[in-house]
Amino acid sequence: MRILVIEDEPDLLAGIVRALRDEDYAVDTAVEGVDGLFKAESWAYDAILLDIMLPGMDGWEILRRLRQTRKTPVLVLTARDAIRDRVRGLDGGADDYLTKPFDLAEMLARVRALIRRGAGKPLPRIELRGAEIDLGGRTVARAGETVPLTPREYALVEYLALHRGQVISRTELYDHLFGEDDDTMSNLLDVHVSNIRKKLGHDFIATRRGHGYCIE
Amino acid sequence: MRILPRSIRWRLQLWHGALLFVVLAAFGLTSFLLVRESRLRRVDQELLRRVAALATAIRPPVHREGPRDGVRDGPRGGPRERLPDEGAPGQPRPDGERGGVRPGRGPGGFPRPPGPAPDGGPVPVPEGAPGRAGPQDILLLPAQEELFRAGEGPDAGFYFAVFAPSGGLLRRSPNAPDGVGAPEGGFFNEYFRNRGDLRERAHRSRGGFGIVVGKSVASDVAELRRLALWLAVAAAGVMALGLAGGSWVAARAIRPIDAISATAQKIAAGDLAERIAIAGTDSELGRLAQVLNATFDRLCDAFARQARFTADASHELRTPVAVILSQAETILSRERTTGEYREALEACRRAARRLRHLTDSLLTLARLDSGAPEEEAGPVALDRVAAEALELLRPLAAETSVRLEAGLAPVRCAGPEDRLLQVAVNLVSNAIHYNRPGGSVTVRTAGEGGAAVLTVVDTGIGIGAADLPHVFERFFRADPSRSRASGRTGLGLSIVKAIVESQGGAVSVESREGEGSTFTVRLPAAADSLLVPREDPAVQ
């Protein structure tokens with residue numbers, strides 16, 4: 001899952017990014033409004049965390065412009081807690097609203113919910129092909145037994161599961177699983193897929209040659 | 001106790017009514033009195049005319065032996081008594097008529113041989129009157145008799161009575177009422193008197209004869225009463241009309257006030273955008289409404305500023321807290337390397353320092369806002385304060401390679417020293433912060449016409465014309481990105497302004513974008529520094 005964080009306070013940004021990376025999200029950052037909008041428009045992020053008081057361009061404007069092209073789930077992070085501000089944020093196209101200072105656990109839960117809803121899967125558990133994916137605990141179980149997956153492997157399974165039945169291209173997988181800071185090697189994806197097949201069964205992930213991967 | 005009602009409208013109405021009442025009453029009374037006076041005068045003139053006529057008919061007893069002779073001779077023969085008011089206007093008597101004797105004239109006339117005075121009873125028929133009652137006979141010419149005919153109207157209904165000098169009744173007209181008294185007093189005494197509805201003229205002639213001529217004024221009185229009634233009715237009508245009109249006028253006059261109070265109430269209830277609709281700006285109320293609207297505008301601005309300040313303050317305070325929370329939570333969520341711990345702790349320390357700085361600034365502002373008196377406010381050498389500020393900020397200037405220059409003429413001003421130092425430090429650090437590498441900051445102090453002036457000139461980025469009016473506003477930052485990262489709160493200049501104004505001074509700014517800004521602080525100079533030269537040319 002790839003997330004963009006637009007926040008101008010460097011220490012806060014660092015904290016949020018660390019928390020998200022700890023959860024194995026791929027995280028991009030922007031410390032300024034114009035840059036933030038550019039990134040948000042350029043990539044299909046799974047979620048965007050957006051501060052409102054930003055240099056360059058404020059959060060409302062970013063939200064307004066972004067909504068003209070993309071429907072990426074946006075969680076607004078702001079210290080403005082007046083009801084009017086919240087209403088304005090939600091009416092302006094934000095999907096959720098979180099007031100600073102916030103608990104990271106709550107922020108992460110809201111991010112998970114955003115991603116889930118963005119993929120059209122409101123429940124935190126997905127069952128498919130004999131495996132049960134717990135989106136909250138970020139685990140995959142088979143016949144009641146938790147299958148040990150690396151974070152990246154889990155992220156791959158989760159992404160494909162959230163888009164069940166769709167063929168996901170390698171590029172899209174790259175975009176969503178690796179942040180801009182990750183060094184991505186072209187065959188890394190194949191390695192992850194092969195490892196997942198070893199753990200969950202060979203036909204868990206289908207390969208559509210020339211198109212991408214799919215979980216049916 | 002309260003007599004007048006509280007409502008202005010009703011008070012106006014009351015005053016208006018009272019005034020109207022007084023005017024109407026005065027007018028009605030005057031009219032009534034004038035009419036009454038004129039009526040009375042007319043009756044009196046008629047009375048006088050008749051007294052005069054009657055007086056000619058009385059023969060003075062001192063020149064004649066017997067009344068008969070006198071009667072026979074007629075009024076023309078013997079010397080006559082002088083009329084009380086012969087020739088008075090309104091009594092023209094053609095000569096021809098005077099001579100025309102026509103005895104036995106109509107029932108209203110009197111017989112030539114006058115009967116004796118009746119003993120009190122009514123005298124319905126002139127002929128039937130007894131022969132004589134005193135030494136005097138009274139001869140009435142027909143024209144004179146005509147004066148005493150019975151009937152109604154202004155010329156009729158007069159009666160008379162003639163009394164002997166002794167007081168006995170000599171003769172009276174048949175229509176004379178009972179109880180007609182003789183005139184009082186001596187010779188030539190004459191006067192008007194009223195007996196009930198009777199108006200009488202009493203006259204004592206030279207010979208001592210008493211003549212009383214009278215008339216019942218009952219009809220006049222009744223008419224006057226009718227007049228009074230009509231006047232009262234008319235006055236009541238006018239009063240009612242006046243009150244109604246007054247009420248309308250008062251309501252019209254009050255209506256704008258009602259509108260104003262309704263608007264003010266809405267504003268008091270929280271609708272700050274409400275304004276009074278001003279119809280005519282020239283009237284007093286229009287001007288009042290304009291003044292009130294301007295006041296509401298300022299109030300609204302103040303509220304908006306306050307709301308923005310609160311929102312900004314909470315935002316500024318929450319951000320560092322969010323930093324501390326997020327850093328601490330992530331770092332504690334699992335084992336980290338020493339480097340990571342150090343990094344997180346440093347972030348926390350930065351946030352905590354920022355919080356301290358913010359709370360200090362907010363407290364300073366709150367104290368200045370509360371207007372609490374500062375402890376000591378002795379004379380302070382402003383030049384020394386500026387020098388101290390420069391000394392404190394020299395490391396910062398060196399760090400950003402900004403040159404500090406000073407032109408400090410000695411000048412003293414009143415005020416707490418630490419606050420003035422804060423002013424200088426805030427201005428200079430601002431000038432350093434918004435400068436460019438290699439730029440300069442020049443600090444000058446001088447005495448200028450009773451004011452101690454501190455000037456801070458920088459060669460920095462300057463302030464845009466759009467931002468210039470806002471630089472002293474709390475939490476205002478021309479460019480948030482530049483300042484937030486460097487730990488600036490956006491309160492420095494507003495603190496400068498608050499301190500300077502609390503000392504009775506003023507701070508102003510001039511700036512040109514890209515060339516730099518000049519901040520000027522003017523403080524009231526201490527008394528002993530007024531003679532200090534304006535500027536020290538040696539330090540430029």
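Trainee: How many helices and strands are there in chain B?

Mentor: Chain B has 11 helices and 12 strands. Keep in mind that this is a predicted model.

Trainee: What share of the residues of chain B count as buried?

Mentor: Of its 540 residues, 30% do. To count, a residue needs 20 or more other C-beta atoms within 10 Å of its own.

Trainee: Thanks! Now to chain A: what makes α6(A) oblique to α7(A)?

Mentor: Helix α6 (residues 151-162) of chain A packs with helix α7 (residues 170-177) of chain A at an angle of about 125°, and their axes are 11 Å apart. Roughly perpendicular covers 65 to 115 degrees, and roughly antiparallel starts over 145. An angle of about 125° fits neither range, so α6(A) is oblique to α7(A).

Trainee: Which residues of α6(A) and α7(A) meet?

Mentor: From α6(A) come Arg152(A), Ala155(A), Leu156(A) and Tyr159(A), and they meet Leu173(A), His176(A) and Leu177(A) of α7(A). The residues of this contact divide into 5 nonpolar, 1 polar and 1 charged.

Trainee: Why is His176(A) not among the charged ones?

Mentor: Because only Asp, Glu, Lys and Arg count as charged here, His falls with the polar residues.

Trainee: And how many residues does each chain bring to the contact between chain A and chain B?

Mentor: Chain A brings 22 residues and chain B brings 23 residues. On the side of chain A, helix α1 (residues 10-22) gives the most, with 9 residues. That side divides into 12 nonpolar, 2 polar and 8 charged residues.

Definitions and conventions. Residues are numbered from 1 along each chain as its sequence is written. Chains are lettered from A and ligands numbered from 1 in the order in which they are written. This is a predicted model: local features need pLDDT of at least 70, side-chain atom pairs count only at pLDDT 80 or more; totals for chains, interfaces and linings use all residues. Axes are lines fitted to C-alpha atoms, for helices over the stretch in contact, and angles run from 0 to 180 degrees between N-to-C directions. Helices (H or I, at least four residues) and strands (E, at least two) are DSSP runs, numbered from the N terminus. Angles under 35 degrees count as roughly parallel, over 145 as roughly antiparallel, 65 to 115 as roughly perpendicular and the rest as oblique. Two residues are in contact if their C-beta atoms, placed from the backbone, lie within 7 Å. A residue is buried if 20 or more other C-beta atoms lie within 10 Å of its own, exposed if 12 or fewer, and partly exposed in between; C-beta atoms are placed from the backbone.
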